[in-house]
Amino acid sequence: MANPILVLAEQVRGELADITFEMLGAGRALAIASGAPLYAALLGSEAAPLAAKLGAADKVFTVEHPHLDLAPAGTVAAALKGLVDHTQAGLVLLGCTNVSLGIGSMLAAHSGLPLVNFCRAITFQAGTLTCTSQLFGGKILSDVKLADGRGIVSVYPGAFPVDAGKHDGTPPVEKVDLAVEAPKAVFKRYVEPETGDVDITKQDVLVGVGRGIQTQDNVQLAEDLAQILGGAVCASRPVIDQGWLPLSRQVGKSGMTVKPRVYLALGISGAPEHWEGMQNAQCIIAVNTDPKAPIFDGAHYGVVGDVLELLPVLTEKIKARKAT
Amino acid sequence: MNLYVLLKMVPDTVEELNVSADGQSLDSEFLRFKLSEPDDHALEQALLLKEKHGGTVTVVALDAPEVDDVLFTALAKGGDRAVKIPIAQAGLGTAASAGVLAAFFAAPGAITPDTLLLPGSQAIDDLEGELAPLLAAALNLPYVGVVCGVQAADGKATILKEFAGGLRAEFEVALPAVLGIQSAEKPPRYVPVAKVRAAMKSATIDTAELAPPDRPVQLDIARLYKPEAAGRAEMVEGAPADVADKLVDVLAKHSVV
């Protein structure tokens with residue numbers, strides 16, 4: 001695995017996303033184990049000022065073209081393919097995020113490199129690169145071997161520490177001139193997050209509800225609990241998609257990232273898309289009817305049971321305790 | 001509009017999933033399948049577009065357990081045509097599935113200037129990547145993923161793509177195009193069983209014969225396995241009242257009660 005490792009830096013509104021540093025940290029560990037150099041790819045007209053923050057890379061390659069600003073996956077993948085050819089990179093790391101979704105698949109289609117999606121761990125041992133991915137909502141793991149360490153790996157946010165990819169040094173930067181075609185999908189405008197009545201990112205206690213809440217009416221049971229705890233109700237995607245709670249209450253990949261003191265995950269299975277948004281809560285209490293639900297692998301406290309049965313009892317017990 | 005929805009069956013993760021003896025695939029004996037959730041949203045989005053702009057909705061699926069029910073349900077909801085490709089989806093990676101579907105769409109007349117291909121944005125078993133971008137790459141069509149809204153006018157679609165933290169952005173794309181649908185503008189509609197039964201009696205599922213892929217799986221999968229229960233939660237057991245008492249203690253310990 002002598003070919004370079006290339007990390008696609010991810011940026012939103014001129015800021016580097018944490019996943020960039022998480023991948024640089026993971027890439028550095030692989031670089032040390034394999035002896036390959038670690039490069040970062042930075043695309044778009046704002047690349048230059050951001051490059052200085054990528055000191056964890058041995059070198060940063062930029063393609064500074066306005067067509068790459070908020071470009072669709074196809075345009076980014078074509079430029080990335082140009083950088084893979086230019087740097088002779090063998091392994092490409094990119095974020096398993098909404099921002100980067102599709103880039104890896106497009107790059108795989110154009111480069112012939114295999115893509116490994118949903119990756120949570122990467123090891124390089126005895127000359128073999130193995131990627132561990134989370135499938136089926138986190139219920140099954142898979143180990144995939146990449147021959148000669150060549151491939152594209154889509155990395156889950158939160159799988160690697162951010163700090164390992166942060167380095168004060170200023171990396172050498174090479175500006176690469178590539179022809180960039182006009183994108184086929186054109187960015188028009190941002191649609192700002194809906195501002196709800198409560199900001200769930202600022203709550204000490206969150207009562208998260210998932211599919212297990214079953215009906216819109218039952219959400220009130222969670223509201224009752226949140227109220228007595230002085231917190232707020234939030235939800236996983238299926239509840240939001242049903243329109244039972246507003247978008248401003250969504251936790252996870254498309255929604256908010258929250259770090260409350262206590263997070264109650266009620267009827268939430270713990271699929272990676274949700275886990276990503278609440279994994280850093282100080283205390284996670286999970287209630288689910290399925291004893292094999294992945295949420296129990298990361299929660300601090302778990303209850304196998306029906307949230308609808310437990311919720312009213314729990315609310316009453318808290319009331320009673322508070323009254324004493 | 002000429003709307004295609006690509007439907008894929010995935011194991012129902014509410015059920016327990018087991019790995020088969022070869023360690024390479026899921027044990028199919030007790031597997032229950034259901035329509036991949038984003039695909040259900042893609043169907044809803046297609047039906048909403050048809051209601052607004054007219055046209056036809058064609059649903060396309062590879063062969064899989066219970067897929068006929070899903071195709072008839074799509075027809076009962078308002079789909080115009082259902083096509084089944086008699087190649088088993090089981091054992092095909094996303095790249096091979098995309099290859100088969102690309103061959104389907106390469107047929108003359110399949111893609112017209114007002115065509116939208118609507119796969120779900122991703123599926124829970126997309127180890128090799130997502131269908132939407134792979135299909136777009138094979139057909140050389142524009143692609144946007146994580147789509148949560150589509151408006152069409154004058155041969156163009158204005159779409160809403162999700163980023164993170166509730167931030168979304170509007171993109172404009174010329175048709176034909178491939179849009180990976182994350183969620184429809186409305187929750188997927190309900191259709192009574194009687195209507196599905198009626199569709200089963202009156203409608204037919206067309207078959208499209210295509211060559212099976214040369215390489216069903218692209219990746220070298222060493223093994224599939226269940227996550228180890230490391231760092232597992234401390235389980236609180238008992239009747240609801242006992243569990244509640246213990247949870248109140250936990251909440252008190254964290255100073256929220």
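How many residues of chain A are in contact with how many residues of chain B? I looked this up before anything else. The count is 78 residues of chain A against 82 residues of chain B. I note here that the model is predicted.

**Entry: the interface**

I went on to the area. Chain A and chain B bury about 7200 Å² between them. Carbon and sulfur atoms carry 61% of that area. I then asked which three residues of chain A supply more of its buried area than any other three. They are Leu101(A), Phe136(A) and Tyr301(A), with 11% of what chain A buries against chain B.

Next I looked at charges and polar pairs. The rule finds 9 salt bridges across the interface of chain A and chain B. I picked out one of them: the side chains of Arg211(A) and Glu37(B) meet at 2.9 Å, N to O. Between the chains I also have 37 residue pairs in polar contact, with both residues at pLDDT 80 or more.

Which element gives the largest share of the side of chain A that touches chain B? Helix H9 of chain A, residues 307–323, does, with 8 residues. By class, that side of chain A has 41 nonpolar, 16 polar and 21 charged residues.

**Entry: a sheet of 6 strands**

I traced the sheet that H9(A) lies across. H9(A) crosses E15, E16 and E17 of chain A and runs at about 140° to E15(A). The sheet is open, has 6 strands and pairs in parallel. Its order is E14(A)-E13(A)-E15(A)-E16(A)-E17(A)-E13(B). Why is one side of E14(A) and of E13(B) left without a neighbour in the sheet? Strand E14 (232–235) of chain A and E13 of chain B stand at the edges, each with a single partner strand, so each has one side free of a neighbour in the sheet.

I checked where the chains join in this sheet. Strand E17 of chain A (residues 301–304) and strand E13 of chain B (residues 234–235) run parallel and are joined by 2 bridges. Tyr301(A) has Glu234(B) as its bridge partner in E13(B). Tyr301(A) is also one of the three residues named above for buried area.

Within chain A, I looked at E15 (residues 262–266) and E16 (residues 283–288). These strands run parallel, with 5 bridges between them. Val262(A) has Cys283(A) as its bridge partner in E16(A).

**Entry: a sheet of 10 strands**

I then read off the other sheet. It is open, with mixed pairing, in the order E12(A)-E9(B)-E8(B)-E7(B)-E10(B)-E6(B)-E1(B)-E4(B)-E5(B)-E11(B). E12 (185–191) of chain A and E11 (205–207) of chain B stand at its edges. Each has a single partner strand, so one side of each is left without a neighbour in the sheet. Neighbouring strands are turned by 30° against each other on average, direction ignored.

I took one pair from the middle of the listing. E6 (residues 115–119) and E10 (residues 177–181) of chain B run parallel, joined by 2 bridges. Leu116(B) stands opposite Ala177(B) in E10(B).

Which helices touch this sheet? H1 of chain B (residues 37–53) lies across E1, E4, E6, E7 and E10 of chain B. H1(B) runs at about 165° to E1(B). H3 of chain B (residues 94–105) packs on the sheet and touches E1, E4, E5 and E6 of chain B. Its direction makes about 135° with that of E5(B).

**Entry: a salt bridge within chain A**

Over all chains, the salt bridge count comes to 34. I followed one of them. Asp58(A) and Arg28(A) have their closest N and O atoms 3.0 Å apart. Asp58(A) lies in the loop between H2 (47–51) and E5 (59–63) of chain A, and Arg28(A) in H1 (residues 18–34) of chain A, so the pair ties together parts 30 residues apart in sequence.

**Entry: backbone notes**

I logged a cis peptide bond between Leu175(B) and Pro176(B), with omega about -5°. Pro176(B) is in the loop between E9 (168–174) and E10 of chain B. I also logged Leu70(A), a residue other than glycine with a positive phi, near 50°. Leu70(A) is in the loop between E5 and H3 (73–87) of chain A.

Methods: Residues numbered from 1 in each chain as written. Chains lettered and ligands numbered in written order. Predicted model: local features only at pLDDT ≥ 70, side-chain atom pairs only at ≥ 80, totals over all residues. Heavy atoms only, no water. Pairing = 2+ DSSP bridges. Helix = DSSP H or I, 4+ residues; strand = E, 2+ residues; numbered from the N terminus. Axes fitted to C-alpha atoms, helices over the stretch in contact; angles between N-to-C directions. Contact = heavy atoms within 4.5 Å. Buried area = accessible area lost by both parts, 1.4 Å probe. Salt bridge = Lys/Arg side-chain N within 4 Å of Asp/Glu carboxyl O. Polar contact = N/O pair within 3.5 Å; in protein donor to acceptor, adjacent residues only side chain to side chain. Nonpolar A, V, L, I, M, F, W, Y, C, P; charged D, E, K, R; others polar.
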